[in-house]
Structures are given as structure tokens and as C-alpha cells.
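New to this one? Here's a quick tour of a few spots worth finding, starting with a strand and then heading out to the surface.

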Amino acid sequence: MQPAIRHDWTREEVTALFDLPFNDLLFRAAGVHRAGFPANEVQISTLLSIKTGGCPEDCAYCPQSSHFTTGVKADKLMGKEAVLAEARKAKEAGASRFCMGAAWRSPKDRDIDKVVELIEGVKSLGLETCATLGMLTSEQAQRLKACGLDYYNHNLDTSEEFYGSIITTRTYQDRLDTLSHVRDAGMNVCCGGIVGMGEDVSDRAELLRTLANMPQHPESVPVNLLVQVEGTPLSGHAELDAFDFIRAIAVARILMPKSYVRLSAGRESMNEQTQALCFFAGANSIFYGEKLLTTANPDTDRDMELFKKLGISPLTPSAEEHAEAA
Ligand code: SAM
Ligand code: DTB
Ligand code: SF4
């Protein structure tokens, strides 16, 4: 039976999921996963930082903020040929989606002109496109939709309550406004967060509840484990217990049964067994390729070996459309 798609989760209900015995939570999440998706298929996206560093925002987790000294140097927007060369490599390696990230607070209209050309180029290679460029106006969102952008990534990152302790240069409402512009423009929404920033379980519960109670669930929900980068205020934090990360994946799966839940940043520091439990708990998407934006991701060979050991196959774009239509 297909689990109901709900938008009315209460704080108590979500907290109760986090409080379940681990095996009960995983059993339930795996059931929801199998009812909504082929159990052993994982969508793969490759990331490219098209504009690195020098960002005016002060996100405490981020190596690209100009407020911190992390060794990431500020670069200009990459040229079209260099981006397309990376996109071709990603396609050859087996990615179905190419995600372009820029360290902007909000792009200028002339930045959008250039990004439109990149999106058109990447699309013409037969890849799905995703971009994450910071806050957008509704006109900018419409332009990105018109040029064929398939997904826009814009994370809420944590609960509204905890947000102010992580970022002071924008508000939660700013994020929600951009997400509305993206949705209204008709794009697929990619929205998730980071765990392991010193937040409480209740902050994780509230982040996931906020996502699930949106009028439409994000099609893609990245769950990032904080990558601790020296020089950022969040480096040196106690590492999150792997079971708590897996729980967050499982609750995301239960709350958003038809969304792709992405096991995102942080895989470099996870062992295979933790990743395998994430897939069992309903994660069905990863970032694939040796680099995320500025930090390391597992080697593609290692990922393919893990898929082989687990009997997982990468999802092709046509299978993805089929899954969405079902
Ligand atoms: N500047 C745009 C923005 O903030 O929306 C787009 C790029 S930003 C790097 C995209 C996302 O990367 C953030 O929302 C955050 O979730 C994630 N991220 C950044 N640094 C991270 C870190 N050290 N560990 C885990 N996730 C991180
Ligand atoms: C998302 O949720 N995670 C990705 C992507 N969306 C843009 C970014 C992870 C960044 C990790 C730190 C870095 O490599 O700079
Ligand atoms: Fe800038 Fe995005 Fe990093 Fe925040 S997360 S500092 S907005 S690049």
C-alpha cells in the first residue's frame, strides 16, 4: 500500500519517530521506501562549484564564506567550455544530473545571463540540470525555469529556532521566500539541511517537519552531515553519532515518501556500513564524484564497488521519470 502523502505532521509525531527504537524506525522507513521506489536504485548527481569562495554570507559551516579563513580562494565564475568539459566527464562516469553551485548571497541579473548559457549547454549534453545560486527574485526563478533548469537547490539547513545561531546575514523567511519563487516558477525543488552542527534532535525534527508540511514536498531532500572545515566556527565540534545521522535519513523518508532523499555531504568520513544503513533507511540519491564543492567526496571507484557489494544500481534519467510518474 502507498503511504499517505501528508502535510500536517505535528511536532509530537515527528519527535516520536526520532524516539523509536532504532530497528523499529528503520523497519518502518524501509517499508515506506519500498512502497514508493524500487528498493535498490540510487539516483546519482555530480556537483561542480562554478563560482567558488568570497561569499558575503556568514554561514558558520561554510568554507566559502569570506568571514572565515579556510584556505579556499575566491574565484570568478567559470567559463562555459570548462563547465561543459566537467559535465561531459560526469556523464561519462554515470551521473544523471549535474548540479552547479555558486558562492553567492544572491545572483545579479547579469550573473543569471551567464548561468542560463551554462544550463543550456549542460542540458544539450542530455543531463538533468540543477543549480544552487543563493536567493532568487521571482523573475530570476522564472528565467531559470524558462531556460530549462530542472531543479533548484536551496536548503533550509536547520530549524527556524536554531538558524540564527548558524547564520546572521539572512533570515529563515528569506530562504522560504526563494523556495516559493522556485516552486511558483514550476521548477523541481531540492531542499534539505545539515546535521551535526550542534543542534538538538528537536531542531532536526523541526527542519524535517517544515519540509514535509510545505504545500508540496521538495522533490529532492539532501541530508548533509556537517563536513568540518578548519577555520569555520563549526570545526572542532564533537562528531555526530552515525546512528543519529541514519535516524535523520529514516525520518525524512517516512515524512516525504515520494521524495528522493539524498545521502549528501559527509560520506567521505562514513564507513560503508553506515552508508548501507542509510540506503536501507530510504536514502536513494547521492553526490557522486571526487569533490563536492570544495571538499572531498569518496572516489567514484569506491562508490561503484559499494554499489556492487550492496546490489544497488544507478538510476538512469528515463527510469527516474518513470518513478515520478508512478
Ligand atoms: N550559496 C548558496 C546557498 O547557500 O544557498 C549555494 C551554495 S551552498 C554551499 C549550498 C549548501 O551546501 C548549503 O546550504 C549547505 O547545506 C551545504 N554546505 C555548505 N558547507 C557545508 C559543510 N561544510 N558541510 C555540509 N554541508 C555544507
Ligand atoms: C547540498 O545540500 N549539499 C551540496 C549541494 N547541496 C550544493 C553541497 C555540500 C557542500 C559541502 C562543503 C563543500 O564541499 O564546500
Ligand atoms: Fe555563501 Fe552559500 Fe556558503 Fe552560505 S552556504 S557562505 S551563502 S556559499
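Start with strand S7, which is covered on both faces: Ser 220, Pro 222 and Asn 224 are buried on one side, and Val 221, Val 223 and Leu 225 are buried on the other. Keep in mind that you're looking at a predicted model.

**Strand S7 and its neighbor**
- S7 runs over residues 220-225, and 6 of its 6 residues are buried, so the strand is mostly covered by the under 20% relative accessible area cut-off.
- As for the two sides, side chains in a regular strand alternate between the two faces of the sheet.
- S7 pairs with strand S6 (residues 193-195) in the parallel sense, and there are 3 bridges between them.
- Want one contact to look up? Val 195 has Leu 225 of S7 as its bridge partner, and Leu 225 is one of the buried residues listed above.

**A positive patch on the surface**
- Lys 76, Lys 108, Arg 110 and Lys 114 come together as a patch of positive charge on the surface.
- Lys 76 sits in the loop between strand S1 (41-51) and helix H3 (80-93).
- Lys 76 counts as exposed because its relative accessibility is 74%, and the cut-off for exposed is over 50%.

**A negative patch on the surface**
- Glu 290, Asp 299, Asp 301 and Glu 305 make up a negative surface patch.
- To find Glu 305, go to helix H11, which covers residues 300-310.
- Glu 305 has 47% relative accessibility, so it counts as partly exposed.

Notes:
Residues numbered from 1 in each chain as written. Chains lettered and ligands numbered in written order. Predicted model: local features only at pLDDT ≥ 70, side-chain atom pairs only at ≥ 80, totals over all residues. Heavy atoms only, no water. Patch = residues over 30% accessible without salt bridge, like charges linked within 9 Å, V, L, I, M, F, W, Y side chains within 5 Å. Areas by Shrake-Rupley, 256 points an atom, 1.4 Å probe, with all protein chains shown as cover. Salt bridge = Lys/Arg side-chain N within 4 Å of Asp/Glu carboxyl O. Lys, Arg positive; Asp, Glu negative; His and termini not counted. Charge placed at Lys NZ, Arg CZ, Asp CG, Glu CD. Helix = DSSP H or I, 4+ residues; strand = E, 2+ residues; numbered from the N terminus. Buried < 20%, exposed > 50% of the residue type's maximum accessible area, 1.4 Å probe, protein only. Pairing = 2+ DSSP bridges.
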